[in-house]
Amino acid sequence: RDCLLSRGLGDVYKRQYKDRYLFEANLRADASSRFHKDNRWGWFPSFSAGWRISEESFMKPIAWLNNLKLRASYGTLGNINNVGYYDYFELLSSNANYNFNDEPVKGVLEAQITNKTLGWETVALADFGLDVDLFDNKLSVTADYYIKNTKDILLGYNVPAETGIWTKPVMNLAKVRNTGFELAATYRNKIGDPVSYTHLRAHE
């Protein structure tokens, strides 16, 4: 039986000071019976921070600038979609035939090796952004640069046929990094519907 337990520990800290400085932090804990008890729990923190520069006194003389905000965030999530219910167990199969004295004999073989080190696949996403509203909020521009790191990716790998192992063992084998830039601009006019220009995206 598969059991997944999630425990959101809520806002560890959340603060807003003078409507200028923003900070929030969270911690999430997940546990899955698909992993050995020593690796069952995964801890996934996240936080975000923002600075509304337009609220600073030295920005007040700039009448055409309605909002200028810098922000940054970092968050992690766990994934178990690529792991089976019993992948960390050793599995034995009775569908084995052996030859003893030129006679076929039924036997048992190791169909899947044990892997008690199997653990959570983790995605970590960092984002750095800028929000700008201009000309009585008629023009809005949002820019983001993100870095996405996925580590301990759960994959099956091939073992030599001579081992007699039928099932590909699943392990935390790989990591991937993606980066990208997103730009969105929206123009709002009092006459007619708003005109929106979104997204200019570049990533690798």
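**View 1. D30 is a buried acid with a salt-bridge partner.** D30 keeps just 5% of its relative accessible area, so it counts as buried. This is a predicted model, so take every value here as computed from predicted coordinates. The side chain of D30 meets that of R28 in a salt bridge, with N and O 3.0 Å apart. R28 itself counts as partly exposed, because its relative accessibility is 36%. So this view pairs a buried acid with a partly exposed base. The salt bridge is one of 7 in the structure.

**View 2. The whole protein is built from strands.** Before going further in, here's the overall layout. There are 10 strands and 0 helices. Reading from the N terminus, the elements go β-β-β-β-β-β-β-β-β-β. The protein has 204 residues, and 31% of them are buried.

**View 3. D127 and R71 tie strand 7 to strand 4.** Here D127 and R71 form a salt bridge, and their closest N and O atoms sit 3.4 Å apart. The two residues come from distant parts of the chain: D127 belongs to strand 7 and R71 to strand 4, with 56 residues separating them. D127 is buried because its relative accessible area is 16%, under the 20% cut-off. R71, at 23%, lands in the partly exposed class. The story doesn't stop at one pair, either: R71, D127, D131 and D144 are joined into one network by salt bridges that share partners.

**View 4. K60 and E55 make another salt bridge.** In this close-up, look for the side chains of K60 and E55. Their closest N and O atoms are 3.6 Å apart, and the pair forms a salt bridge. E55 has a relative accessibility of 23%, so it counts as partly exposed.

**View 5. D133 is a buried acid in strand 7.** You'll find D133 in strand 7. Its relative accessible area is 18%, which means D133 is buried. Now look across to L68. In sequence, D133 and L68 are 65 residues apart, but in space their C-alpha atoms are 6.7 Å apart.

**View 6. The largest pocket is lined by 14 residues.** This view is centred on the largest pocket, with a volume of about 210 Å³. Of the 14 lining residues, the ones nearest the pocket centre are G75, T76, L77, V123 and L125. Five elements are worth tracing here: strand 2 (21-32), strand 3, strand 4 (65-79), strand 7 (121-134) and strand 8 (139-156) each give two or more residues to the lining. Which strand gives the most? That would be strand 4, with 5 residues.

**View 7. A nonpolar patch sits on the surface.** Six side chains are worth showing here: Y17, Y21, W51, F58, L70 and L130 make a nonpolar surface patch of about 550 Å². W51 is a handy landmark, found in strand 3 (residues 41-52). W51 counts as partly exposed because its relative accessibility is 33%.

**View 8. Strands 5 and 6 form a hairpin.** Strand 5 covers residues 91-100 and strand 6 covers residues 103-112; the two pair in the antiparallel sense over 8 bridges. To get your bearings along the pair, start at N97, whose bridge partner in strand 6 is K106. At the turn, there are 2 residues between the strands. N101 has a positive phi there, near 55 degrees.

**View 9. The loop between strands 7 and 8 holds two positive phi values.** Some background first. Most residues other than glycine have a negative phi. What is the phi of F135? F135 has a positive phi, near 55 degrees, and sits in the loop between strand 7 and strand 8. With 45% relative accessibility, F135 counts as partly exposed. N137 is found in the loop between strand 7 and strand 8 too, and its phi is positive as well, near 65 degrees. N137 has a relative accessible area of 40%, so it is partly exposed.

Conventions:
Residues are numbered from 1 along each chain as its sequence is written. This is a predicted model: local features need pLDDT of at least 70, side-chain atom pairs count only at pLDDT 80 or more; totals for chains, interfaces and linings use all residues. Side-chain values use heavy atoms; hydrogens and water are left out. Patches are made of residues with over 30% relative accessible area and no salt bridge: like charges are joined within 9 Å, nonpolar side chains (Val, Leu, Ile, Met, Phe, Trp, Tyr) within 5 Å. Accessible areas come from the Shrake-Rupley method with a 1.4 Å probe; for residues, only the protein chains shown count as cover. A salt bridge is a side-chain nitrogen of Lys or Arg within 4 Å of a carboxyl oxygen of Asp or Glu. Helices (H or I, at least four residues) and strands (E, at least two) are DSSP runs, numbered from the N terminus. Buried means under 20% relative accessible area, exposed over 50%, partly exposed in between (1.4 Å probe, protein chains only). Two strands pair if DSSP finds at least two bridges between them. On a 1 Å grid over the protein atoms alone, a cavity is a set of points where a 1.4 Å probe fits but cannot get out, and a pocket is an open set with protein on both sides within 12 Å along at least five of seven lines; lining residues have an atom within 4 Å of a point. Grid points are joined across faces, edges and corners, and a volume is the space filled by probe spheres set on the points.
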